[in-house]
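User: I've got a model open here and would like to go through its pockets, its disulfide and one histidine. Could you take me through them?

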Amino acid sequence: MTLAWAQAALAATPAVQGPESVKDWVTQGQQFIAQGKALKPIATPAKNVILFVGDGMGISTLTAARILEGQLQGKPGEENRLSFETFPYLGLSKTYSWDQQTSDSAPTMAAMVTGVKTREGMLSVTHETARGECNAARLAQTTVPTLLELAAAKGKATGIVSTARITHATPAANYAHTPMRDWESDANLPAGCEVKDIARQLIEVSPTVRQSLRVVLGGGRTNFLPKTNASGPVQDPEYPKLQGRRLDGRDLTQEWLASRGKQARFVWNKAQFESITAAGKTQDDPFVLGLFEPSHLQYEADRAQDPAGEPSLTEMTRKAIELLARQPKGYFLQIEAGRIDHAHHAGNAARALRDTIELSNAVRAAMALTKESETLIIVTADHSHTFTVAGYPHRGNDILGLVRDVPEVDGQAPALSKDANGLPYTTLGYANGPGARKGGRPDLTGVNTADLNFLQEATVPLSSETHGGEEVAVYARGPRAHFVRGSMEQHWIFHVMRHAFGF
């Protein structure tokens, strides 16, 4: 249908009413109380811990994604619940870092996996680390162990999954210790710097972590491949016009294979990923490094157009759990929906919300593949964004659309809400970012604001929208999940997971 036809049809449609009756509201409330009465904390230690992080997934993002998912299912949307919103325990995490009021992903993720707050841009080192520290001995003195490293020391299997580069802040905080999150390859290091780049740190982990780390799935091939070798430029296997970034001539994907023996696998496309299966004996299961893009993976909304195909976050989650669950002592698995953050920085709500829904799908898969009695699952965010859900739209109003008010007379079509200048506006917006329009607000009456590429309006013009500083939600279920509660410092999440393991 044409856009004009669709808009005319929408304008003629009465406001969507909720499907509930008065009796339904009462019944739902009684069910909630009954569920609360039946709730019994699981006090025994966890065999497994899975930490999901929606990068940039603030509470307003959860609200909008919940509504969008419901509307994609033909419902009003507001009554919908994302998979993890059914978890019994909930807290609010304060996301400031040692030196930032509104923080970036490096110190926030480092806090969750080390138990201490650190400085802007730093990964799994204390705030006593000098900025740009290049002396390896001094850096070692301020390095703090991560939960992944502690789990490995206890004989547990470990894994990392991300839709971002595997050397990006959130996944890298699990295994790398660096004063600069941007040192992803040696091409980023200052001349003469002794500190290993992040990609190299993944390959050169301690023998204990090497034996433990069985699944690494994400993006960032370019940081593992050399720019040139003895034969000349090294082409990316999927995009021949692109080269690797490493200046040391090392192919770290081959070093992954060499350092882990005959069980090692490196995969970079969907077909190779799907060929990975568990071995007959647990000890023969593969050590898998999957790098599906030179940089970040595709947004979920764009993934179908990937040239070589790449797995979804849900598919990677299933694969990781299926492989790790075979290990007898349990596992620690960290999973990131990294591109929620990137879409928000671009001022692009549609892609951010689709990736949030995909995170919910991945959590649902994890719930199906694990036993609540033995696996602690935590779902949270590292920080929020300046993303807003505003106006007074009627129930069921297109969450990506223009605000249409509740009609003054029942049965009338909802009318567009207007600003002080008589112009309509969207429900979703940003306090800052690239969506700011020059010369004042545009007339959006004939604009398809639900288009995948539409940038929501922003108040302060910036080339990239910023993070938000408010608390983010922490959802938990499983053994000792009840320790997630109330207003929490972000680094307490580490202590909850460590306590759940019984370390």
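## Pocket, disulfide, cavity and a histidine

User: Which helix gives the most to the lining of the largest pocket?

Analyst: Quick caveats: this is a predicted model, where local features need pLDDT of at least 70, side-chain atom pairs count only at pLDDT 80 or more, and totals for chains, interfaces and linings use all residues. Residues are numbered from 1 along each chain as its sequence is written, and side-chain values use heavy atoms, with hydrogens and water left out. The lining of the largest pocket has 19 residues, with F32, Q35, R81, E85 and T86 nearest its centre. Seven of the lining residues come from one helix (a DSSP run of H or I, at least four residues, numbered from the N terminus), and that helix is α2 (residues 22-38).

User: And how much space lies in that largest pocket?

Analyst: A pocket here is an open set of points on a 1 Å grid over the protein atoms alone, where a 1.4 Å probe fits, with protein on both sides within 12 Å along at least five of seven lines; lining residues have an atom within 4 Å of a point. Volume means the space filled by probe spheres set on the points, which are joined across faces, edges and corners. On that basis, the largest pocket holds about 620 Å³.

User: Which parts does the disulfide tie together, and how far apart in sequence are they?

Analyst: There's one disulfide (cysteine sulfur atoms within 2.5 Å), joining C134 to C193 with S to S at 2.1 Å. C134 sits in the loop between α4 (105-114) and α5 (136-141) and C193 in the loop between α7 (169-172) and α8 (198-203), so the pair ties together parts that are 59 residues apart in sequence.

User: Which residues are closest to the centre of the largest cavity?

Analyst: A cavity is a set of points where the probe fits but cannot get out, and the largest cavity has a volume of about 80 Å³. Its lining has 13 residues, and the closest to the centre are T163, Q298, E300, S312 and L313.

User: Is H344 buried or exposed?

Analyst: H344 lies in helix α13 (residues 339-345) and touches G56, T61, A352, H385, F387, Y430 and E465 (heavy atoms within 4.5 Å), not counting residues up to four places away in sequence. Buried means under 20% relative accessible area, exposed over 50%, and partly exposed in between (1.4 Å probe, protein chains only). At 0% relative accessibility, H344 is buried.

Definitions and conventions: Helices (H or I, at least four residues) and strands (E, at least two) are DSSP runs, numbered from the N terminus.
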